[in-house]
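I opened my notebook today to look up a few things in one structure. Here is what I wrote down as I went along.

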Amino acid sequence: MNPVDAAARRPSILLTGATGCIGGRLLAALESGGHAVRCMTRRPAALETRVGPNTSVVYGDCLDPDALPAPLAGIETAYYLVHSLGGTRDFEAQDRAAAHHFGVAARAAGVRRIVYVGGLGATAGLSRHLRSRHETGVVLRASGVPVIELRSGIVIGSGSLSFELIRALVERLPIMICPAWVRTPTQPIALDDLVAYLAAVLDLPHGDSRVFEVGGADVVSYGAIMREYARQRGLRRRLLPVPLLTPRLSSLWLGLTTPVYARVGRELVDGLRTATVANDDDARAAFLIRPLALREAIARTIRNEDAEFAALPWSGASLSAGTPLRWGGVRVRGRLLYSRSVDLPVPAAAAFAPIRRIGGANGWYYGDWLWRLRGLVDRLLGGVGMQRGRRDGEHLAAGDILDCWRVDICQPDARLRLAAEMKLPGRGWLEFDVTPRGEDACTVRQTAVFDAAGLWGRCYWHALYPIHVLLFDGLLRSIARRANGEASRSMHPRSAKKSIHEKHHLK
């Protein structure tokens, strides 16, 4: 690469908060736009394997002034997506100190612009959380570096704390006792739209600091967000307004019913009392972005989650990132999983052969009477049952019907994913992955996945968990025996005898 090309690829953009839900999406958008990015994080090792070739990862800590000059060197635009909510009880002081250190270091490094995401809401009567978001913008501007501040309300997208809180409430509680804040007006913005605004800031001419209030197409209440999410998930929910539930009691209630622990819940709930609505059209005039309405924002969030899930092979590494449950397997990204694997002394093709022949006239290898019983119950409930069979007894392709399943993914000798089409309080998948370990050995992993719809979906999964364990463990053992038999038919008889008697253990 000549010096001119090298200079062109040198990062002029610094991104903090790349491990968060907004920063991670923004990094992907900047990379797809061809930008060279430098990410600053306190844990570089956790991010280095997730970035593209034009992105570098460096150590930096906004609470340590000595750790900031190197990451900011040569930077023109710095995205400041840092906040301390949840990190400490005195998060306001930490936010104030971090913004001060970052602003001073940016000014010294010659940074031309800082981009920051703040919060909507009138200045008077703000909660501690929203007050800190406003104050952070003030401190950054005090550094003398021009700041573009995008103020938003609740962000509709995976990983957004407020959205995840609302989602958890709707998923878990058929009847919700709701305080007055469910009627507070807000202007929710889709995560993709907020990221589009952040990326578009790069095209604005340099100049003085600006504050843009950004929101989605609809002004709604938090209760309306809950009802729309429930509608798209096929859940019946009843909201019972109770005016006496204080923010403190609300936060303790949230701590018992959602993954957001009580202190963070208290700060978020306190902020939900404040109307977060854009009061001017400056953003519409400055940007070509036309934000989505609430219905499409939620629909896109669900579609994005499904697409990310469909692209993810449920390997042991993926499972290790989940939360082991005392009863019910592992929870990964809100889904419930039961997974087992077996090591086999056979080639991958031999291990996959019984997997691709499963179902139809070939049966399910173990507990066929249980499968037939499940099919009968499904027919009584108005479902498809187990009577549909399969198109071809030897081969499968994406889209094929397989008894009460449909083939989602079929990669020869490697991967089969089936999507359940029986009546369920949620959505289910059954996946088989075959990973070679040399020419004559492989690992077969079988994973049952359930995306529970509401409380009854979780009750269904946990109540039937012993049957799932019995059925799926027996199925995997039967696949292992048939795989050994498949290999033995193509091997020397002496080697075949050894293969047939090889022990295999579920893991």
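**Entry 1: a serine in a loop**

Where is the place of Ser160? I found Ser160 in the loop between β7 (155–156) and α7 (161–172). I noted straight away that I am looking at a predicted model.

Next I asked myself: is Ser160 buried or exposed? Its relative accessible area is 8%, and since buried means under 20%, Ser160 counts as buried. I then followed its side chain, which reaches the backbone oxygen of Val155 at 2.9 Å. Leaving out residues up to four places away in sequence, I listed Cys21 and Val155 as the residues that Ser160 touches.

**Entry 2: the sheet**

I turned to the strands. How many strands form the open sheet, and in what order? I counted 7 strands, in the order β3-β2-β1-β4-β5-β6-β11, with parallel pairing. At the edges I marked β3 (55–59) and β11 (210–213), each of which pairs on one side only. I also looked up the twist: on average, neighbouring strands of this sheet are turned by 20° against each other, direction ignored.

Then I went through some pairs of strands:

- β1 (residues 13–16) pairs with β2 (residues 37–41) in the parallel sense, over 4 bridges. Here I saw Leu14 opposite Arg38 in β2.
- β4 and β5 also pair in the parallel sense, over 4 bridges. Ala78 stands opposite Ile114 in β5.
- β5 and β6 (residues 147–152) run parallel and are joined by 6 bridges. I wrote down Glu149 in β6 as the bridge partner of Tyr116.

**Entry 3: a covered strand and two helices**

How many residues of β5 are buried? I found 7 of its 7 residues buried, so to speak a full score. I sorted them by direction: Arg113, Val115, Val117 and Gly119 point one way from β5, while Ile114, Tyr116 and Gly118 point the other way.

Which helix lies across β5? I noted α5 (residues 91–109), which lies across β1, β2, β4 and β5 (113–119) and runs at about 175° to β4. Helix α2 (residues 21–32) lies across β1, β2, β3 and β4 (77–80), and I read its angle to β1 as about 155°.

**Entry 4: helix α9**

I moved on to α9 (residues 222–232) and looked for its buried residues. They are Tyr222, Gly223, Ile225, Met226, Glu228, Tyr229 and Ala230. Just after α9 I came to Gly234, which takes a positive phi of about 70°.

**Entry 5: cysteines**

How many disulfides does the structure hold? I found 0. I checked how covered two cysteines are. Cys39 has 0% relative accessibility, so I put it down as buried. Cys459 has a relative accessible area of 38%; that is between the cut-offs of 20% and 50%, so Cys459 is partly exposed.

**Entry 6: an arginine in a strand**

My last stop was Arg238, which I found in strand β13 (residues 238–241). Is Arg238 buried or exposed? Its relative accessibility is 57%, and exposed means over 50%, so I wrote "exposed" beside Arg238. Not counting residues up to four places away in sequence, Arg238 touches Pro174, Ile175 and Met176. I also looked up its distance to Val170: the two are 68 residues apart along the chain, and their C-alpha atoms are separated by 9.6 Å.

How values were computed:
Residues numbered from 1 in each chain as written. Predicted model: local features only at pLDDT ≥ 70, side-chain atom pairs only at ≥ 80, totals over all residues. Heavy atoms only, no water. Pairing = 2+ DSSP bridges. Axes fitted to C-alpha atoms, helices over the stretch in contact; angles between N-to-C directions. Contact = heavy atoms within 4.5 Å. Buried < 20%, exposed > 50% of the residue type's maximum accessible area, 1.4 Å probe, protein only. Polar contact = N/O pair within 3.5 Å; in protein donor to acceptor, adjacent residues only side chain to side chain. Disulfide = S-S within 2.5 Å.
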